[in-house]
Structure formats: structure tokens, C-alpha cells
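Let's take a friendly walk through this model, from a loop to the helices and back out to the strands. Keep the viewer open as you read.

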Amino acid sequence: MEESRDQRALRASDADRERVADLLRQAASDGRLSLTELDERIDALYAAKTYADLEPVAQDLPGATPTAPEPSSSPAATSREAVPGGRVGGRAGRSEGKAVFAGLVRRGEWVVPRCYKVKAVFGGAELDLRKAQLEADEVEIRVKAVFGGVNIVVPEDVYVIVDGDGVFGGFSDDASKRQPSGDPPVVKVYGRAVFGGVSVQRKGDGDDG
């Protein structure tokens, strides 16, 4: 029992949260959760820090399994060893995120893949990179917003390139107006907004949002 409690107290990884998010989205698609319940659980999911925090989010849904790993294969421990600190480093989990009649939020400590695909269809996505690490010196975020919106917040120490087009929609780029000097890592944002919008902003750690 003591070992079980210790395992549940371990920090959950981004990959763990994404697995639970997939389970929630499937449950909503099957009619097991209302859109309101899905939204509430997604908020609770991305606020969860440990495996114990994750358990109540999906424990009443089919397919839910204990998320605490064995001590020898702990995702949390692997993440700490693979992410040495600094803006670049670490190993990303899922390479895509979807917000279809729902919301997607990535903030706090996570790893941005070399190529991250984001789709928002009648939904909204928020990607906050201020405390994130980049898997490589140059990463791409490919966005498709259809009757939806995507908001991307980048930190002060990355160079930003935004190249998107809108069809009865648009891209709002405030980040590339103020670029860091030297040879910083690069974040490229590409994509299309159809009856939707994509916003790219640069904010410091102490800024709201």
C-alpha cells in the first residue's frame, strides 16, 4: 500500500495527459459526456500534476486504467532525465492536437515536437510555450482552424516566423514584430484559417494569459 501511494504521488507527463484527453474526447463522441462535462474534465486534466490527480478525471469511463507506472519505467522520471533544462531539449509526446467541438490547452511544462499539427474545428486551442521546451532548435507548428480559433503564446527568447493565410478568417501576428538577438531557437507557425482565426503573441513569464 505504501508503494502504491508513492507511485500515485509521482508527477504525470504530457504523454499521460494526452492519453487521458483522447479517452475523454472518445467518451464525448460516444455520448457518455456532454460538451460541458468534457470542458470541465479537460480543465481538470491539464491542471493535474500527479497520477493521483489524473485518476478521478476518467475513472468512470470505459478503458480507464491506472496511470501510475512501475518504478523502473516511470514516464515522469524519464522526462526529468531527458529534459536537461534550457529552451531546447527533451522528448516530445504526441505530434498533434485536436479541438473538435471541444477545447485544447497546452501550457506549463511540456515539450513542443519538431512538427506539431493543431486542428481546431468548431473549437478552440491554446498553446502557451513560455514554460515549454522545444524538441529541436527549429520547430514547426502547423495550424488548421475551421470555424475555430487557435491562440499561440511564445516566450521572449525564440525567433518567430508566421506564414498563414485566411479564407474568411485570418492570422494575427504580434510576435514577429519584436525578435530576440543572437542565434535563438526558431518557432515557425504555418497554416490556414477558414472562418476562423489564429493569433500569435509574444509574452513574458509575468504577463497575463
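## A guided look at the model

Phe 147 has a relative accessible area of 42%, so this residue counts as partly exposed. Please keep in mind that the model is a predicted one. Phe 147 sits in the loop between strand E7 (138-146) and strand E8 (149-154). Its backbone is worth a glance: phi is positive, about 50°, although Phe 147 is not a glycine. Most residues other than glycine have a negative phi.

Phe 122 offers a second case, in the loop between strand E4 (115-121) and strand E5 (124-128). Here too a residue that is not a glycine has a positive phi of about 50°. With a relative accessibility of 44%, Phe 122 is partly exposed.

### The chain as a whole

Stepping back, the chain holds five helices and 12 strands. Of its 209 residues, 42% are buried. The accessible surface is about 11,000 Å², and carbon and sulfur atoms account for 48% of that area. If you count contacts between residues at least 6 apart in sequence, 66% of them join residues at least 24 apart.

### Three helices and their packing

Helices H2 (residues 14-29), H3 (residues 35-47) and H4 (residues 51-58) pack in pairs, as the table sets out.

| Pair | Axis distance | Angle | Residues in contact, by class |
|---|---|---|---|
| H2 and H4 | within 10 Å | roughly 5° | seven nonpolar, no polar, two charged |
| H2 and H3 | 10 Å | about 175° | eight nonpolar, no polar, four charged |
| H3 and H4 | 9 Å | about 170° | five nonpolar, no polar, one charged |

How do these angles translate into directions? The axes of H2 and H4 cross at roughly 5°, which makes H2 roughly parallel to H4. From H2, the contact takes in Asp 16, Arg 17, Val 20, Leu 23 and Leu 24, while H4 brings Tyr 51, Leu 54, Val 57 and Ala 58.

For H2 and H3 the angle is about 175°, and H2 is therefore roughly antiparallel to H3. On the H2 side this contact involves Arg 17, Glu 18, Val 20, Ala 21, Leu 24, Arg 25 and Ala 28; on the H3 side it involves Leu 38, Arg 41, Ile 42, Leu 45 and Tyr 46.

H3 and H4 meet at about 170°, so H3 is roughly antiparallel to H4. Arg 41, Ala 44 and Leu 45 of H3 touch the H4 set of Leu 54, Val 57 and Ala 58.

Which residues of H4 are buried? They are Tyr 51, Leu 54, Val 57 and Ala 58. Because these residues cover an arc of only 105° around the axis, they lie on the same side of H4. The general geometry is handy here: an α-helix has 3.6 residues a turn, so residues three or four places apart point the same way.

### Buried charged residues

Next, follow Glu 18 in helix H2. With a relative accessible area of 1%, Glu 18 is buried. Leaving out residues up to four places away in sequence, Glu 18 touches Arg 25, Tyr 46, Arg 94 and Arg 106. Glu 18 also lies 10.0 Å from Glu 96, C-alpha to C-alpha, though 78 residues separate the two in sequence.

One of those partners, Arg 106, belongs to strand E2 (residues 103-106). Is Arg 106 buried or exposed? Its relative accessibility is 5%, so Arg 106 counts as buried. Beyond its neighbours within four places in sequence, Arg 106 is in contact with Asp 14, Glu 18, Tyr 46, Tyr 116, Glu 126, Leu 127 and Asp 128. Tyr 46 is thus a contact of both Glu 18 and Arg 106.

### A serine in the last stop

Our tour ends at Ser 199, in strand E12 (residues 197-202). At 19% relative accessible area, Ser 199 is buried, because the cut-off for buried is under 20%. Apart from residues up to four places away in sequence, Ser 199 touches Val 150, Asn 151, Ile 152 and Ser 172. Ala 175 is 24 residues away from Ser 199 in sequence and 9.2 Å away in space, C-alpha to C-alpha.

Definitions and conventions. Residues numbered from 1 in each chain as written. Predicted model: local features only at pLDDT ≥ 70, side-chain atom pairs only at ≥ 80, totals over all residues. Heavy atoms only, no water. Buried < 20%, exposed > 50% of the residue type's maximum accessible area, 1.4 Å probe, protein only. Contact = heavy atoms within 4.5 Å. Areas by Shrake-Rupley, 256 points an atom, 1.4 Å probe, with all protein chains shown as cover. Arc of directions from axis to C-beta. Axes fitted to C-alpha atoms, helices over the stretch in contact; angles between N-to-C directions. Parallel < 35°, antiparallel > 145°, perpendicular 65-115°, else oblique. Nonpolar A, V, L, I, M, F, W, Y, C, P; charged D, E, K, R; others polar.
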